[in-house]
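Colleague: Got a minute to walk me through this model? I'd like the overall picture, then some details.

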2 protein chains.
Amino acid sequence: MQREGKTLSEIGEDELVKRLTQDWPELIKNSATIDGNPWVILGAGDDCAVLRTHSASVVQLVKVDAVVENVHFLPDAPPERIGWKALARAISDIAAMGGYPVSALITLGTHGDEKYERINRIYRGIAQCAREFKVALVGGETTASSVLFLSVTMTGLAERNKVCPRCSVRDGDAIFVTGELGGSLRGKHLCFTPRLVEAQWLVDNFKPNAMMDISDGLAKDLARLELANNLHAHINFEAVPLTEGCTLQEGLCDGEDYELLFTLPQRKAKALCAAWPFRLALTQIGVMTKKPAPKISGHGYDHFVRS
Amino acid sequence: MQREGKTLSEIGEDELVKRLTQDWPELIKNSATIDGNPWVILGAGDDCAVLRTHSASVVQLVKVDAVVENVHFLPDAPPERIGWKALARAISDIAAMGGYPVSALITLGTHGDEKYERINRIYRGIAQCAREFKVALVGGETTASSVLFLSVTMTGLAERNKVCPRCSVRDGDAIFVTGELGGSLRGKHLCFTPRLVEAQWLVDNFKPNAMMDISDGLAKDLARLELANNLHAHINFEAVPLTEGCTLQEGLCDGEDYELLFTLPQRKAKALCAAWPFRLALTQIGVMTKKPAPKISGHGYDHFVRS
């Protein structure tokens, strides 16, 4: 089989994940079929996994997310910001599911020649972010690795009827984004604020049909939203909110915005904009419908394909 | 400060973890003090974190554990066994807390030149282990890394009164180990069976005061048990069960045995041995008391110190 000889850069990240999860249908796609394991509500493919709790009205969210040196941060990044980013990314995912974070475990991969002081400063950044968002740091581990990485496991909770999975967009939904997009590499990617407060307000007041955070760029994440719902995004490109000085291409493809991308019925759009209580921008950028739409040009970030 | 210039290999893994967690006392040691986060029962420092659930009699266990190429497996290891090992290590930790596994998320770090077929075989090994121990694979992520690593997040559940933390050894407790120790690098480290069945039987029938799994070698893990309890292990070295062909030194220090190390009152030791229903060996190797004991010579595995 020719497939066997292919490398990951030839296959790409989304296709890799699709193949790996296809090979486990009974475990991932329908975990409820595992005898004696009735806990799974939603498995792979969303921002977080969703598990039952002992309360019928509350679900647990579980997420893992890693940052790797030279991929998610450069060696000269301020160590506190590396730690902040590692935790804030996971909080952003929990927020985008409509939940709030509870606990985190940190895996540190590094090598013996690493300076203690740098690691200590990274952990100070983690603690600072944990304090700000009331996340209990409950453990983790250290392991040897020639490349510095931090993998964050986060658990959270959500009211069951407020969970916003990615796959429940409805035909005709308005598409919204928070904040401004593009240019995150100039610094925002190291010190962004996860949109937890805004997401909690949304699920309490204008429950989105679907929500996710924008981590790999609007173009790529929107394509995932389309695919998950078998719908098409009709985007008003002039409306896409851009970071000052950014081109549309950068706004669509830079990635690491960590803003919210969500949909709700068009009839609620006006009331939402009127009620929105935050200084953070809120912008309707289009609608999702069954009608085919032109493909957005450009690509977001792929971890395995060389750009 | 001289401390600032030190590398991790000068400090060592246990000291690193101690320092990092000392710097977060309010978050890690007493997470209950975080306003609005009443979920933590036990934070860092044990095999797993322990969280409250919505049931008073059940707790949740959360664990992360990573395997890294050239540290935990060599590049030529059979890929299925790498996947098996990654998941089985986390199951071993959940078992050693007296719980059972529920769900797992897998973080894969690798690079674009990696062959798809190898990754697919690794994930088949993960799925095989998940099926055998009824773990639902509910997600994870892929990320770029120059070194192949797998980080496993596992959640589990335990009856609250059956949890076996590491820090509740009592003066005079008998010390037991399961199986045989040493020589795991000859192959066992890639295909061991986590002692879930045995641990569940123990907590149901002879609840240990404390339990952990032996991952870094009996010498090192026993020293951690002593430290956590401020007690001393008096070991009968002739009783330590050794893998065929192994020296005592290897049995104490090789690491990666993934056997259970536990303590219970000496008065129950005889009844336990009589009732033990498994073919797997069960051996009392000593007692824990307040009396100082000679230090065990040799060291287990340290991730940052060169051997």
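Modeller: Here is a quick run through the chains, one helix pair and one sheet.

Colleague: Ground rules?

Modeller: This is a predicted model: local features need pLDDT of at least 70, side-chain atom pairs count only at pLDDT 80 or more, and totals for chains, interfaces and linings use all residues. Residues are numbered from 1 along each chain as its sequence is written, and chains are lettered from A and ligands numbered from 1 in the order in which they are written.

Colleague: How many helices and strands in chain A?

Modeller: Chain A has 10 helices and 11 strands. Both are DSSP runs, numbered from the N terminus: helices are H or I with at least four residues, strands E with at least two.

Colleague: And what share of chain A is buried?

Modeller: Of its 307 residues, 51% are buried. Buried means 20 or more other C-beta atoms within 10 Å of the residue's own; 12 or fewer is exposed, in between is partly exposed, and C-beta atoms are placed from the backbone.

Colleague: How many residues of chain A are in contact with chain B?

Modeller: 78 residues of chain A, against 77 residues of chain B. Contact means C-beta atoms, placed from the backbone, within 7 Å.

Colleague: Switching to helices. At what angle do α4(B) and α5(B) pack?

Modeller: About 45 degrees, with the axes 6 Å apart. Axes are lines fitted to C-alpha atoms, for helices over the stretch in contact, and angles run from 0 to 180 degrees between N-to-C directions.

Colleague: So what do we call that pair?

Modeller: Oblique to each other. Under 35 degrees would be roughly parallel, over 145 roughly antiparallel, 65 to 115 roughly perpendicular; the rest is oblique.

Colleague: Now the sheet. What's the strand order in chain B?

Modeller: β8-β10-β7-β11-β9, an open sheet of five strands with antiparallel pairing. Strands pair if DSSP finds at least two bridges between them. β8 and β9 of chain B are the edge strands, each pairing on one side only.

Colleague: Which way do the side chains of β9(B) point?

Modeller: They alternate. Ala233(B) and Ile235(B) point to one face and are buried, while His232(B) and His234(B) point to the other and are not.

Colleague: How many bridges between β9(B) and β11(B)?

Modeller: Four, in the antiparallel sense. His232(B) stands opposite Thr289(B) in β11(B).

Colleague: Which strands does α8(B) lie across?

Modeller: β7, β8, β9, β10 and β11 of chain B. Helix α8(B) runs at about 140 degrees to β9(B).

Methods: Two residues are in contact if their C-beta atoms, placed from the backbone, lie within 7 Å.
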